[in-house]
Amino acid sequence: MFHVLLMFFPLIGLLALVIIGSLLLFGVTSIIVGAVGGSVAAKHINNRLHRRLIFIGLLILLLVGSLCILPAAAVFARLPLTVIAISGDVLLAIIGGLAIAGIAASRSVERKTLKTVLTVIFGIVCAVAVPLAVYIFSTAVA
């Protein structure tokens, strides 16, 4: 069976490179979309509530991109594992706080369907980010 492993090892390495590359590409793309979209939203959207909701959504997208790039940047900079864990925890906590702010801002939307959809989207983001932040913090401290 060892010869089978030797035969498939280059494919496993290639698959790992493809996964890492796609994560980095997603991270860079989401950072660019978040930054460019935020500046376009500031310039072209007149309604304050809509601008605030779009800013919150794009800032969450920007932080998710930063979270995807964080491990590669930390390995490149040779940071210790505790710094990586605490940085990821801070990013997740900020994402959770922004999701709570998005839920609070979406309560003043006039259309009931849009209000429900926005609350559910920000609620899902908050439900994913906050437990991950608590888990990472509990493993980084221990």
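Visitor: S138, buried or exposed, or in between?
Guide: S138 is partly exposed, at 40% relative accessible area; that class lies between buried, under 20%, and exposed, over 50%, with a 1.4 Å probe and protein chains only as cover. This is a predicted model, where local features need pLDDT of at least 70, side-chain atom pairs count only at pLDDT 80 or more, and totals for chains, interfaces and linings use all residues. Residues are numbered from 1 along each chain as its sequence is written, and side-chain values use heavy atoms, with hydrogens and water left out.

Visitor: Which helix holds S138?
Guide: Helix α4, residues 112-141; helices are DSSP runs of H or I with at least four residues, numbered from the N terminus.

Visitor: What does the S138 side chain reach?
Guide: The backbone oxygen of Y135, at 2.8 Å.

Visitor: How far is S138 from I121 in space?
Guide: 26 Å between C-alphas, with the two positions 17 residues apart in sequence numbering.

Visitor: Now S30. Buried or exposed?
Guide: S30 is buried, with a relative accessible area of 4%. S30 sits in helix α1.

Visitor: Which backbone oxygen lies 3.0 Å from its side chain?
Guide: That of G27, paired with a polar atom of the S30 side chain.

Visitor: And what is S30 in contact with, leaving aside neighbours within four places in sequence?
Guide: L61, L62, V64 and G65, where contact means heavy atoms within 4.5 Å.

Visitor: Different topic: where is L14?
Guide: L14 is also in a helix, α1, which spans residues 2-44.

Terms used:
Helix = DSSP H or I, 4+ residues; strand = E, 2+ residues; numbered from the N terminus. Polar contact = N/O pair within 3.5 Å; in protein donor to acceptor, adjacent residues only side chain to side chain.
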